[in-house]
Amino acid sequence: MKILVVGGAGYIGSHMVKLLLEQGHSVITFDNLFSGFRDAVLGGAFVKGDLANRTKLDEVFTTYRPDAVMHFASYIQVGESVKDPSKYYLNNFTNTMNLLDTMVKHDVKYFIFSSTAAIFGEPEYVPIDEAHPKNPLNPYGRSKLMVEQVLQDYERAYGLKSVCLRYFNAAGADPEGLLGERHEPETHLIPLVLQAISGKRKDITVFGRDYETQDGTCIRDYIHVVDLCSAHSLALARLMKTNESRRYNLGNGAGFSVNEVIQAAERVTGAKVTVVEGERREGDPAILVADATLAREELGWNPVYFDLDNIISHAWQWEYASSQVAVAAVQGSVFR
Ligand code: UFG
């Protein structure tokens with residue numbers, strides 16, 4: 001099959017490209033490289049382009065004639081979305097509309113969309129299933145929910161079939177060590193803790209210890225990036241077989257507190273982290289845990305790397321390698 005991966009040079013997209021290539025698919029990556037990296041795209045065709053450019057998109061569809069599209073490209077920082085909503089609505093919503101309209105124009109019927117737990121807002125109950133009310137608290141979550149809603153209209157009007165995958169906390173890295181998380185700036189807990197261990201940062205700030213959880217820190221459901229990617233493959237296969245659009249929540253169904261993540265990182269690396277106590281970060285729900293029963297039952301999805309230490313060890317393999325490269329670069333400049 002020919003699959004267009006939009007945002008295939010980013011964290012999750014690049015792992016997806018790798019998996020699709022391993023599965024024997026023909027892959028075309030479309031990425032503007034604002035936050036992605038060309039060297040993270042391990043094969044297939046690559047087109048540098050922006051979703052804001054409909055002419056370019058048109059060219060890509062004419063040239064490559066994809067059978068399906070997976071859409072990973074978006075801005076992902078909740079705090080930034082509150083300060084600059086326009087950036088989020090333009091990129092995450094309007095640009096996605098360009099993509100969908102181009103698909104309709106070229107009669108490409110299958111779409112897999114990267115959605116998020118942020119569409120649910122403050123949980124009314126946990127674990128969160130697909131029926132949970134959707135009340136996003138910020139423009140980031142709202143921009144993703146808007147796309148989910150538009151997809152229902154596009155199915156009715158144009159027959160476009162889709163699967164929306166609501167990620168909880170994507171984490172980990174390619175077990176072979178070829179890919180990993182490279183956000184700039186990094187805001188996610190696991191890479192930040194590991195950078196505090198590798199020496200890229202001096203400490204990790206815990207955002208609040210007064211939540212109603214067992215140790216007072218926030219609880220999240222960390223799901224390995226490779227398991228997320230396997231869900232995409234299964235979702236696309238089911239979509240093409242049944243022609244039934246779906247929405248699935250993707251997580252392990254197990255929550256870990258910030259404290260537990262730090263302890264696990266210390267266990268995996270054998271090093272101590274300097275912890276700084278911070279204030280609560282605005283908009284952080286106390287507990288976010290997925291009920292992924294539907295994905296398990298309908299897709300036969302079975303996360304392999306559900307163990308937190310395993311997730312962190314893969315992330316550490318990546319972080320350690322990149323910190324060694326950084327050290328070598330510094331030493332190189334000293335001795336030059
Ligand atoms: N945290 C810290 N210190 C840090 C960074 C994070 O204590 O330096 C805490 C956060 O407060 C939170 C937990 O670690 O409790 C996880 O934070 P992340 O930033 O790693 O992830 P989030 O849960 O905030 O974000 C995830 C996705 C977003 C999505 C959001 C939905 O990465 O894309 O869930 O709420 F929008």
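This report walks through three helix pairs, a ligand site and some unusual backbone spots in a predicted model.

**How the helices pack**

Two packed helices are described by the angle between their axes and the distance between the axes. The table gives both values for each pair discussed here.

| Helix pair | Residues | Crossing angle | Axis distance |
|---|---|---|---|
| Helix 1 and helix 7 | 11-22 and 225-242 | about 60° | 9 Å |
| Helix 6 and helix 8 | 189-198 and 258-269 | about 45° | 10 Å |
| Helix 2 and helix 4 | 54-64 and 85-105 | roughly 40° | within 10 Å |

Let's begin with helix 1 and helix 7, whose axes lie 9 Å apart at an angle of about 60°. That angle makes helix 1 oblique to helix 7, and the crossing of the two is right-handed. On the helix 1 side, the contact involves Tyr11, Ile12, His15, Met16, Leu19 and Leu20, while helix 7 brings Val225, Val226, Leu228, Cys229, Ser230, His232 and Ser233. Sorted by class, the residues in this contact of helix 1 with helix 7 are nine nonpolar, four polar and no charged.

Next come helix 6 and helix 8, which pack at about 45° with 10 Å between their axes. Helix 6 and helix 8 are therefore oblique to each other, and helix 6 passes helix 8 in a right-handed crossing. Helix 6 takes part through Leu189, Ile190, Val193, Leu194 and Ile197, and helix 8 through Val258, Val261, Ile262, Ala265 and Thr269. Nine nonpolar residues, one polar residue and no charged residues make up the contact of helix 6 with helix 8.

In the remaining pair, the axes of helix 2 and helix 4 come within 10 Å and cross at roughly 40°. This makes helix 2 oblique to helix 4, with a right-handed crossing. Here Arg54, Leu57, Asp58 and Phe61 of helix 2 meet Met97, Asn98, Leu99, Asp101, Thr102, Met103 and Lys105 of helix 4. Charged residues do appear in the contact of helix 2 with helix 4: there are four of them, alongside five nonpolar and two polar.

**Around the ligand**

If you turn to the ligand, you will find 21 residues around it, of which Leu189, Thr205, Arg220, Arg281 and Asp284 come nearest. Leu189 is already familiar from the contact of helix 6 with helix 8.

Some distances to oxygen atoms of the ligand are worth a look in your viewer. An N or O atom in the side chain of arginine 220 is 2.8 Å from a ligand oxygen. For threonine 187, a backbone N or O atom lies 3.3 Å from an oxygen atom of the ligand. Tyrosine 140 has a polar side-chain atom 3.5 Å from an oxygen atom of the ligand.

**Backbone spots to check**

Two peptide bonds leading into prolines deserve a visit. The bond from valine 126 to proline 127 is cis, with omega near -5°. Proline 127 sits in the loop between strand 5 (110-116) and helix 5 (139-158). The bond from glutamate 184 to proline 185 is also cis, with omega near 5°. You can find proline 185 in the loop between strand 7 (169-171) and helix 6.

One more backbone feature is at leucine 33, which has a positive phi of about 60° although it is not a glycine. Leucine 33 belongs to the loop between strand 2 (26-31) and strand 3 (45-48).

Key
Residues numbered from 1 in each chain as written. Predicted model: local features only at pLDDT ≥ 70, side-chain atom pairs only at ≥ 80, totals over all residues. Heavy atoms only, no water. Axes fitted to C-alpha atoms, helices over the stretch in contact; angles between N-to-C directions. Helix = DSSP H or I, 4+ residues; strand = E, 2+ residues; numbered from the N terminus. Parallel < 35°, antiparallel > 145°, perpendicular 65-115°, else oblique. Left-handed = near helix turned anticlockwise from the far one by under 90°. Contact = heavy atoms within 4.5 Å. Nonpolar A, V, L, I, M, F, W, Y, C, P; charged D, E, K, R; others polar. Near = heavy atom within 4 Å. Polar contact = N/O pair within 3.5 Å; in protein donor to acceptor, adjacent residues only side chain to side chain.
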